[in-house]
Amino acid sequence: MTDQSTHVASPGSGPAGASRHQRHPGLMLAIVLICQTMFILDTNVVNIALPDIQDDLGFSAAGLSWVLNAYMLAFGGLLLLGGRAGDIFGQRRALMGGVVIFTVASLAGGLSTSAEMLLAARAGQGIGAAIAAPTVLALITVGFPDPARRARALGAYAAVSGSGAAIGLIAGGMLTDWISWRWVLFINVPIGIVLLILAPLFITETDRHPGRFDLAGSLTSTLGMTALVYGFIRAAEQGFGDVVTLGALSAAAVLLALFVAVESRARQPIVPLRLFADRNRAGGYVVLLFVLAAGNGMFFFLTQFLQQVRGYSPLQAGFAFVPLALVILASSGVAARLLPRLGAKTLIAVGAAAISLALLWMTQLTPQADYATALLGPMMIAGLGMGILLVGATTVLSSGIRAEDAGAASGLLNVMQQIGGALGLAILVTVFGAATRASSGPAHQVLTEGVTTAFTVAAVFTACAILLVLTMKNRQAPTAESAAAEELTR
């Protein structure tokens with residue numbers, strides 16, 4: 001069967017036509033990308049600070065993981081609701097509301113005097129990020145009607161999304177070593193204030209699409225995703241035979257099945273199922289989930305390896321990720337320029353293959369592995385793959401979206417990033433634990449075997465992504481006659 005042409009956004013019907021043109025598109029892009037960097041960065045910025053946080057607030061070894069999980073659970077669980085809020089209330093309003101919550105929670109986290117207060121603040125950060133993060137891609141989608149300019153903007157978005165985790169590790173190491181772990185949270189406060197001042201000046205509000213919230217869909221999706229993430233996190237600590245783990249995963253299955261049933265009947269669904277009608281877009285969501293699952297685990301275990309096996313300080317470990325972050329930024333820019341010629345499918349496939357190669361290389365690590373000869377190479381290859389893949393995936397997932405679905409589509413993209421990262425880390429930590437328990441010898445050798453086993457499973461994730469990319473349709477790049485078409489594969 002001949003492939004049908006992609007949806008072409010007309011001036012009055014597509015995303016670009018749904019909003020008044022942005023007064024200052026360049027400044028608007030800078031503002032929303034700073035927001036995106038802040039939200040992605042906060043997933044990992046506390047990673048290197050965890051030992052100091054544990055000493056200061058008296059966390060148990062098991063409880064310490066919740067400094068990360070509280071943020072990811074709130075962020076991932078509420079993203080769909082946040083995406084719909086932007087469609088109903090306006091993307092700028094949602095952005096500013098989310099930044100307010102995020103900034104206040106960051107201040108509270110930096111001032112925390114107990115473990116409970118810090119966990120509540122981290123959950124508050126996640127809530128704020130869940131409301132604001134979906135507006136970032138939505139504002140880019142509606143703010144750049146020209147395909148070439150939008151491709152460059154999406155390239156910048158992919159760059160900050162891909163490099164945010166590495167930048168978070170770098171910033172966390174610097175702030176923890178130079179000042180205090182509290183500044184990994186305090187740093188968000190001045191940034192948030194500046195964003196709140198600039199947003200009304202340089203971001204034009206998008207058209208609102210009045211309607212009611214899909215409360216049943218919101219409830220089942222939020223509780224279902226939270227139960228799913230919690231179930232895997234619990235399994236990493238207690239195993240899959242644990243009663244609470246089984247209960248959480250069973251509840252997740254029931255709730256997410258109910259969510260699909262609700263969405264198929266709702267008049268104004270929180271996630272329009274038509275977003276999955278396109279094979280490339282549906283496949284793109286799953287590809288992103290697999291790749292982020294592998295990538296989040298890679299950052300986590302490399303940090304552990306550098307500090308616990310190689311004896312790096314927090315600052316040294318943070319700076320070890322500088323080349324990776326730089327390569328992501330550079331490769332994203334190159335990929336955005338190559339996109340019209342090569343197509344999104346090619347970029348996704350090449351990116352996933354590069355990440356797989358990097359992970360397989362890392363499975364050869366030994367306790368004596370030197371950074372320059374054993375780690376720098378695969379880290380740069382992984383950065384190259386991430387930058388390339390995210391440009392292609394973001395293009396596929398933001399193509400042909402109806403104006404009223406822009407926030408929901410952006411929220412779903414962010415869900416795949418957060419849920420993929422959280423689930424992937426939980427699964428890989430479980431694999432790591434099983435490998436270390438089955439190993440014997442010096443502590444450094446045992447930990448290294450656990451890390452390399454986790455990298456092997458992460459490579460399986462990316463291999464699944466490659467196989468999925470091969471099922472995606474080939475599509476022609478846009479021409480002058482179809483300037484508003486964004487699906488750029490051939």
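Select helix α1 (residues 25-44) and helix α4 (residues 91-110). Their crossing is left-handed. A crossing gets that name if the near helix is turned anticlockwise from the far one by less than a right angle, and right-handed if clockwise. The two pack at an angle of about 40°, with their axes 12 Å apart. That makes α1 oblique to α4. Angles under 35 degrees count as roughly parallel, over 145 as roughly antiparallel, 65 to 115 as roughly perpendicular and the rest as oblique. Axes here are lines fitted to C-alpha atoms, for helices over the stretch in contact, and angles run from 0 to 180 degrees between N-to-C directions. Helices are DSSP runs (H or I, at least four residues), numbered from the N terminus.

A word on what you have open. This is a predicted model: local features need pLDDT of at least 70, side-chain atom pairs count only at pLDDT 80 or more, and totals for chains, interfaces and linings use all residues. Residues are numbered from 1 along each chain as its sequence is written, and side-chain values use heavy atoms, with hydrogens and water left out.

**Stop two: helix α10**

Select residues 243-265, which form helix α10. How far apart are its end C-alpha atoms? They are 33 Å apart, which agrees with the 33 Å that its 23 residues should span at 1.5 Å a residue. The expected span is 1.5 Å times one less than the number of residues.

Now find Asp242. It caps the N-terminal end of α10. One of its side-chain oxygens lies 3.2 Å from the backbone nitrogen of Val244.

Next, color the buried residues of α10: Thr245, Ala248, Ala252, Phe259 and Glu263. Buried means under 20% relative accessible area, exposed over 50%, partly exposed in between (1.4 Å probe, protein chains only). An α-helix has 3.6 residues a turn, so residues three or four places apart point the same way.

**Stop three: helix α11 and its partners**

Show helix α11 (residues 279-309) with helix α17 (residues 443-469). They pack at an angle of about 165°, with axes 9 Å apart. That makes α11 roughly antiparallel to α17. Their contact has 21 nonpolar, 6 polar and no charged residues. Ala, Val, Leu, Ile, Met, Phe, Trp, Tyr, Cys and Pro count as nonpolar, Asp, Glu, Lys and Arg as charged, and the others, Gly among them, as polar. α11 passes α17 in a left-handed crossing.

Swap α17 for helix α15 (residues 371-397). α11 and α15 pack at an angle of about 155°, and their axes are 10 Å apart. That makes α11 roughly antiparallel to α15. The crossing of α11 and α15 is left-handed. Their contact divides into 18 nonpolar, 3 polar and 1 charged.

**Stop four: helix α15 itself**

Is α15 largely enclosed or largely open? Of its 27 residues, 20 are buried, so α15 is largely enclosed by the rest of the structure. Asp370 caps the N-terminal end, with a side-chain oxygen 3.2 Å from the backbone nitrogen of Ala372. The end C-alpha atoms of α15 are 36 Å apart, which agrees with an expected 39 Å.

Now select Thr346 in helix α14 (residues 344-362). Thr346 is partly exposed, at 30% relative accessibility. Measure in your viewer from Thr346 to Gly392: their C-alpha atoms are separated by 7.9 Å, though they are 46 residues apart along the chain.

**Last stop: helix α16**

Select residues 406-438, helix α16, and find Gly433. Gly433 is buried, with a relative accessible area of 12%. Gly450 is 17 residues away in sequence and 6.9 Å away in space, C-alpha to C-alpha.

Leu423 is also in α16. At 11% relative accessibility, Leu423 counts as buried. Finish at Phe290: Leu423 and Phe290 are 133 residues apart in sequence and 9.7 Å apart in space, C-alpha to C-alpha.

Methods:
Polar contact = N/O pair within 3.5 Å; in protein donor to acceptor, adjacent residues only side chain to side chain.
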